[in-house]
Every structure is written in C-alpha cells, then in structure tokens.
Amino acid sequence: MTIQIYNTLSRQKEIFEPIQPGKVNFYVCGPTVYNYIHIGNARSAVAFDTIRRYLEYRGYQVRYISNFTDVDDKIIRAAAQEGVTPKELADKYIAAFEEDTQAIQIKPATLHPRVMDHIPSIIQFVEQLIERGHAYEVEGDVYFDTTSYANYGQLSHQSLDELIVGASQRTESEDTARKKNPVDFALWKGVKDASEIYWDSPWGPGRPGWHIECSVMAMEHLGETIDIHGGGQDLEFPHHENEIAQSESCSGHTFSNYWMHNGFVTIGQDEEKMSKSLGNFVLLRDLLENEDPTVVRYLLTSVHYRRPLKYDQAALDEARSNIERLKEVTRRLNNRLSLAETQLDTDTEWLDRLNQLEVQFVTGMDDDFNVANGLTAVSSLVKTINHYLTQEEVSEAVLQPMQEQLTRWLEIFGIILTEDEAIDQEIEALIEERNQARKDRNFARADEIRDLLKAQGIKLDDTPQGTTWKREG
C-alpha cells in the first residue's frame, strides 16, 4: 500500500515518494504571533499534526518544521498598543500558542524557528537574488522581479499577465508605484520611522518582507528541496506562490515536491470563513475554558483536511458524543481485561478481524489522509470490541491487541482518552454497592443508587457480563 497526496501544484493526487526513503522533510507555515490563536488557526495546526502522526505511524521519520512569524506590521502595531517591544509581545503569544496547542495534543515541531533569529540568513538570501537578476532595490526597499521567474503563477494556476492586470485594477499605492510590476513583492522593507524595529542591511535599516522568511527557514533547516510544504488555503496565493518563485530563483532547484493546503473553519448560518479580520472568531483558549480539550481535538480532526469545517454547537455536541462512546468502550474493555482468560480457542478468528480492520484503516488513511475513512475504521473497531465483550468468556490474547490497536489509532488523531479517576472510582464504588444491595435483595437501596447516578447523567446497563455505565447528554 502506498500513500497518495493531493498536490495543489498539480491539482491531483500523486503517489508519495520522499526524497530519502523512510524520511520526510515537512514544513508548515506557523502563526503570526500578535494575538491568541482562534480555532481556525488551531484547525490548520491539528490538520498537519494528524498528517505528521500518520506518516510516523506508517514508519516514516518526520522532521517537522513550523515557524513563528515574530516580525510583522501587525506585531509592531500590537506591541505599541500594549506598550512592549515586538520581541516581548512575540514571546508572550508564542508561550500562549504552546500552552493552547499542548492542551489539544498537538505535538511540538521538531523545530519552531523565528524570523528574528534568521536575519543574517535572510539578508544573504536577498543579496543572492539581486546578484542573479531576480530582485532590485528602490530607496531602501528590495523587491522580487516576478517577470524574472518564468513559472510565476504555477501554484495558483494563474498567468503572470492575468495577475498583473488584476493588480493594476486595484488602488494604486506609493509602494506599488515604485515597483517594476504591480505583482512584484517586497523582500526587504526599509524603515521610514527610526522608532520602528529594524536591522542594518546593505540597503539601509529595515526588516524582512513576509514571504522571504519561510523560504530561508525551510531551506536552512530542511534543504533546498523539501518533501512537503503545508499551510492554509489562504496562503496559496500570494504567500506560497512567492515562496516558490524566490526559492527556486535562488537555488535553481524545485522548492517543494508536494504542496498541501487545509480548508477553512466556517461559522454562522452563512458558513462564513472564521478570521480575525472579519471579527467572527472564537479563541481556542476561550473555548477550552468550558469544553473538554479532547472534544475540541476530535471536532478539529474529524473532517478531511482539504474540506471546510463547520463550527457550531451541533458539531461540538456530536464530537462530545463520539468521545463519550470511545471512553465507554475503553472502560468496558479495561474492566473485562482484568478478568480475562489467558487464551481461548476463538482467538484466531477475532485476531483475523483485527488484521482486516488494520487493512481498512490504512487503505482509508493512505488516500490523501482521509480521516473520515480512518474514523469509519475506528468505529468498526469499536463495534467489534463491543461485540467481543458480549461473549461469556474473553481472552487477554485478544483484548490486549484490541486495546493497543484502538489506542494507536486514536493517537494518530490526537485523541488521548483520560478520565477523572477520583470521580470514576466513586461511580464504580456506587455500582459495587448497588450490586451488593441487589444480592441482599435490598432493592430500595439499589434503586436509590441507580437514581442517584442517573441524576449525575450516568446510565447503568446490567448485562450478563456485569454492570456497565456511560455518561449521557
């Protein structure tokens, strides 16, 4: 079985063939750290975290780089408003990003490079582009000459002529007027105000343009050609288009073999894209104040990465219901495992079923990381486990692989099931007391305990294998 990836560059699925067998160099555009992240930002981080986890599940060694943009006009404005330096502001929101993403089980990147730490490399990169005829300086600013790169527009599937016409129809600005072409973009921005953050350069004091940072950091930490470059759909043009142009103009080599873009989170009846600019966003940390992080993670990972993800209360409720089902089967499995036989004659039959489900899971996920297919296999595994648990006798030789398989699959989706052990022990103690009351024919006490648990949202189910419970609502 082979993994297929939808490559935005070719607009089709392609068989994944890494540059080095068994290794994947993966770059994902990270956040501009001037505020807390909203769930649209989190969705992108979750999508690529899930893809990374699945690649590792399939045996690849993944070097995963995701940057922090810590030099930007938004950061400078926000820092001025808060009365701190841009670095202090960036430090604050990087710490917040790490705290928020850790809560929803996003693995830290192999490296989180920052723009401020790469200024010398960025200046050298711009110098090389000027030397090779791909960039020009105007009064302290340096622009990339888009006409110097023959394939400009290949990622967004637009011709340079179309882009120039489109840009010319927009309002003329002082910045645009100084460019050779309207679609040329800034590599280095000279400062106009001495109070702004800046670095000395051959073109005077200034700071990097937005697009240059990712090219420099990706190539410095992963090489001139990388396997996969990812980011949100809104980065396809101009950010990633510009990355390709400047990177390949500098190195003379293909920048990335596969380009992946995740869909937006939508909100409201009109399913509008969630964004800070539209003011319709929900901060991840605000949501986590009232919602189980595991439920949030399930919601954000449950839709194929290229599709839009609708955020509303119904979607959260469905995610919560799915998490409770997973917790319930895990509790039941663990309870039976403690009392299971070592082996039974039927073990081979059930283990064969597990192998078939493994094929179903891998086949589904190999198809462009289709989480819907993967979660369907998880659901089939849960049904198989529940069916097995109805058997009068169960075997450790089967329950153990079932437990391990369910745990491994859920970890790919970042679902780490945890319970409040103190509350669970209290529930189990009440169930044990109820069972004893029933044996003693003290049905009044047994009913009292059932009603007490029901009031707490706990439903009991008396089965031949014992009493099980689950949370409702």
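**A three-stranded mixed sheet and the overall chain**

Three strands are arranged as an open sheet with mixed pairing, in the order S12-S11-S13. Strand S12 (272-273) and strand S13 (309-311) occupy the edges; each has a single partner strand, so one side of each remains without a neighbour in the sheet. In general, the strands of a sheet pair through backbone hydrogen bonds, in either a parallel or an antiparallel manner. Strand S11, comprising residues 265-267, runs parallel to S13, and three bridges connect the two. Within this pairing, isoleucine 267 has tyrosine 311 of S13 as its bridge partner.

The model containing this sheet is predicted. Its protein chain comprises 16 helices and 15 strands. The C-alpha trace of the chain extends over about 90 × 50 × 40 Å along its principal axes. Of the 473 residues in the protein chain, 50% are buried. Among contacts with a separation of 6 or more, 77% involve residues 24 or more positions apart.

The surface and the charges of the chain were also examined. The exposed area of the protein chain amounts to about 22100 Å², of which carbon and sulfur atoms contribute 46%. The chain carries 48 positive and 79 negative charges, and the mean positions of these two sets lie 4 Å apart.

Conventions:
Residues numbered from 1 in each chain as written. Predicted model: local features only at pLDDT ≥ 70, side-chain atom pairs only at ≥ 80, totals over all residues. Heavy atoms only, no water. Helix = DSSP H or I, 4+ residues; strand = E, 2+ residues; numbered from the N terminus. Buried < 20%, exposed > 50% of the residue type's maximum accessible area, 1.4 Å probe, protein only. Contact = heavy atoms within 4.5 Å. Areas by Shrake-Rupley, 256 points an atom, 1.4 Å probe, with all protein chains shown as cover. Lys, Arg positive; Asp, Glu negative; His and termini not counted. Charge placed at Lys NZ, Arg CZ, Asp CG, Glu CD. Pairing = 2+ DSSP bridges.
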